[in-house]
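Here is an informal walk through one protein model, from its sheets to its helices and empty spaces. Have a look at the picture, then read on.

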Amino acid sequence: MKKILLSVLVLVFITSCKVKSYKNKNQKNVFADYVDPFIGTGGHGHTYPGATVPFGMLQVSPDNGISSWDWCSGYHYSDSIVSGFSHLHLSGTGIGDLADILFMPTNKKVDLTTKTISRDQLPYKSSYSHANEKSISGYYQVFLKDPKINVELTSSQRTAYHKYTFAKNDKQSVVIDLGFAINWDKALKTGITIEDQYTISGYRYSTGWAKNQKVFFVAVFSKPIKESVLTADKQIVNTKKTDGENTAAQLFFDAGNSDELFLKVALSSVSVANAKENLDDEKSNFKTVKSQASSIWNSALSKIEIETPIDSLKTIFYTALYHAQVAPVTYSDKNGQFRKENDEIATANNYTAYSTLSLWDTFRAENPLLTLLAPDKTSDIVNSMLAYYDTKKILPVWTLYANETNTMTGYHSIPVIVDAYLKGVRGFDAEKAFSAMKTTMMQDERGLNFYKKYGYIPYNLLDESVTITLEYAYDDWCVAQMAKALGKNEDYQFFLKRSQAYQYLFDPKTGFMRGKSEDGKSWNEPFDPKHSNHREHTDYTEGNAWQHSWFVPHNVENFVSLHGGNEIFTKRLEQLFTESSEITGNNVSADISGLIGQYAHGNEPSHHIAYMFNHAGQPWRTQYWVRHILDTQYNTTPNGLSGNEDCGQMSAWYIFSSMGLYPMNPASAEYEIGSPIFEKATINLEGGKKFVIEAENVSDKNFYIQSATLNGADFNQTAISHQQILKGGVLHFVMGAQPNKNWGIKK
């Protein structure tokens, strides 16, 4: 018996080895296989685990049904109840909306007339376990415990695919609840029409973070509808069409000889007719689309190839590269049409319109990453912002489903445009873009009236005055650079002078940027640099003086001189990371997370700071702190992000920094040198060129740069230009355990 058992074990071992070998040789989706969409679904990451494709129109994903900050995406890993699967989701935002067009399979008749005030009262909700839940690039699966239904989801660019596998002989039914809403969202008017035995359509108008959101949909089922129940405002209607503030339907299907039910769903901001046009053709099916989605993701992720013996780093990196390409989202239909906030229907001619532009976050690294990896997407994003400008005559701040949310400070569509233009991206009208930037910065909204009058924003006239002033100063610098590039010298001089506004708010005694009154002399007292008051009666946005006093990325040398020179500046900068992490105040911003001292990596205002040592004669401190952030602020668990993902920015920081680069001043067309974490990273550029970054001897202890060469020639500087990267070549670092305090120092 023992001999037989031994023979069986040997056979199993040999077979498994062969299978593994075969898999490795034929593994098509090697990059996509490292992606774990559950990273960021716990903690304050606010990501979703559902199915989408790069920059896809749809994000079909589970909704737990809770309205709370950590459920901004509709899902949080701590939960165990699912309310359904809707088709629009936000990735990593700090405000919740969307979760439109909810579908939920069930095996029993439910009472849709029941009035509900929480998800606990939903008659179709189900429990689930992470043990029977799976998410990979472009595919999501979960087993619903209560009705014993296996749900699988995938997506193409404009069509979502559902596959429901019911228990044998169970009733096969699907609930559509257009009144379902979470977080800021509220349905205003909805409607469902049963068009034929396989097709339903409808619409959902809602208000929330996006004040005027209109979504039209069509759904096609693989089996005929044999029975239906429609409700309007919790009342049953005996027709095939229903309208109301809150409409829902339960459909029952002829099971036939199969336990599987398939459906396709397409959306449009314009009309049901456009949703039908967006729907993939009849030849497309769940299996092929799932495979195509994986292949599409693999292609998108292959733009950067990393080499490291540490698999966890590959998982963190490729999941970050995944998250950096789920937003912004496709907004225009196949025919180019899209709805504007004022209900005008526009047409994107020769470009794709995008929405979900989280510009306060993404201008820092996410948009520069797209400029490097997907310049065609960047020009489309610029055209999308200019289309918004056509209506509003102001560039967008934060657009959601083409609605201006006016969320956050500054006008950071401006650095996104300048970043694109200075790096050689065309495909948009540069003169129109400059006019839009200039007009935006010369109007009077959002504190610009005070900024123009005083040269800064007095704290007694507007909350968050320090942050807003610093960000307007940077936006002005960006306008100046665009003016210079277009030969507009008068505009260049005007905006360059105004970009020095940060000087008004610098307090040399404390070393902090502080609120100043309109008299130009008095500081806001009492002053506590650790104090935070979230979004009201404060001088700083989602932070404190420690975190917001460093935003002068466009003129670090002058900023250093304001402090009194390199020695004082670097001492204060070092103290940022070593100070106690106590945050004072009774209304501390939840966005202050990922603390290293007072440095808060969980929120974007801190993201550039570690790279400022490069400009003050201590690049080895940049190398030390960047590596420390890489090691401590990211991991492979659902809590793997130290703060809101914010539509790719948290991930873009990791992508750049792990390769040894970072766009500290995103519109400068340069990248700061940090501390590469991989032995080799290859950026596959447009046109077939490659830029390779090598880190010889790199390890968890060897993170200091000893020397560097670029294409074989000595490289002794702490920045590299975008144009140098586009030429292709090899940037080779030799790493060591002790800092080389001569490397990167200007002689």
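How many strands does the open sheet with β6 and β16 have, and what is their order? That sheet has nine strands, in the order β6-β7-β8-β9-β18-β13-β12-β11-β16, and the pairing is antiparallel. Its edge strands are β6 (133-136) and β16 (241-244), each of which pairs on one side only. Ignoring direction, neighbouring strands here are turned by 15° against each other on average.

Before going further, some housekeeping. This is a predicted model, in which local features need pLDDT of at least 70 and side-chain atom pairs count only at pLDDT 80 or more, while totals for chains, interfaces and linings use all residues. Residues are numbered from 1 along each chain as its sequence is written, and side-chain values use heavy atoms, with hydrogens and water left out.

The strand and helix names follow DSSP runs, numbered from the N terminus: helices are H or I runs of at least four residues, and strands are E runs of at least two. Two strands count as paired if DSSP finds at least two bridges between them.

**Strand pairs**

Inside the nine-strand sheet, β11 and β12 are neighbours in the order. Here are the bridge counts for that pair and for some others.

| Strand pair | Direction | Bridges |
|---|---|---|
| β11 (186-194) and β12 (199-207) | antiparallel | eight bridges |
| β14 (225-232) and β17 (247-253) | antiparallel | seven bridges |
| β14 and β15 (235-237) | antiparallel | three bridges |
| β32 and β33 (670-673) | antiparallel | two bridges |

Zooming in on single residues, Lys186 stands opposite Thr207 in β12. In β14, Val229 has Gln250 of β17 as its bridge partner, and Thr231 has Ile236 of β15. The hairpin of β14 and β15 has two residues between the strands, and Asp233 takes a positive phi near 50° there.

There is also an open sheet of three strands, in the order β32-β33-β38, again with antiparallel pairing. β32 (661-662) and β38 (719-721) stand at its edges with a single partner strand each, so one side of each is left without a neighbour in the sheet. Where β32 meets β33, Tyr662 has Glu672 as its bridge partner.

**Helix α7 and its neighbours**

Now for the helices. Two packed helices are described by the angle between their axes and the distance between the axes. In this model, axes are lines fitted to C-alpha atoms, for helices over the stretch in contact, and angles run from 0 to 180 degrees between N-to-C directions.

The axes of α7 and α8 (residues 413-422) come within 10 Å and cross at roughly 140°. That makes α7 oblique to α8; under 35 degrees would be roughly parallel, over 145 roughly antiparallel and 65 to 115 roughly perpendicular, with the rest called oblique. α7 also packs with α9 (residues 430-442), at an angle of about 55° and with the axes 11 Å apart. That makes α7 oblique to α9.

What is the handedness of these crossings? α7 passes α8 in a left-handed crossing, and α7 passes α9 in a left-handed crossing too. Left-handed means that the near helix is turned anticlockwise from the far one by less than a right angle.

**Empty spaces**

α7 turns up again around a cavity. A cavity is a set of points on a 1 Å grid over the protein atoms alone where a 1.4 Å probe fits but cannot get out, and lining residues have an atom within 4 Å of a point. Grid points are joined across faces, edges and corners, and a volume is the space filled by probe spheres set on the points.

The count comes to nine cavities of 30 Å³ or more. The largest cavity has a volume of about 190 Å³. Its lining has 18 residues, of which Phe338, Ser384, Ala387, Tyr388 and Ala402 lie nearest the centre. The elements that give two or more residues to this lining are β23 (354-355) and α7 (375-392), and α7 gives the most, with six residues. By class, the lining of the largest cavity has 10 nonpolar, five polar and three charged residues. Nonpolar covers Ala, Val, Leu, Ile, Met, Phe, Trp, Tyr, Cys and Pro, charged covers Asp, Glu, Lys and Arg, and the others, Gly among them, are polar.

The second largest cavity holds about 110 Å³ of space. It is lined by 14 residues, with Met57, Leu88, Val329, Thr330 and Tyr401 nearest its centre.

Conventions. On a 1 Å grid over the protein atoms alone, a cavity is a set of points where a 1.4 Å probe fits but cannot get out, and a pocket is an open set with protein on both sides within 12 Å along at least five of seven lines; lining residues have an atom within 4 Å of a point.
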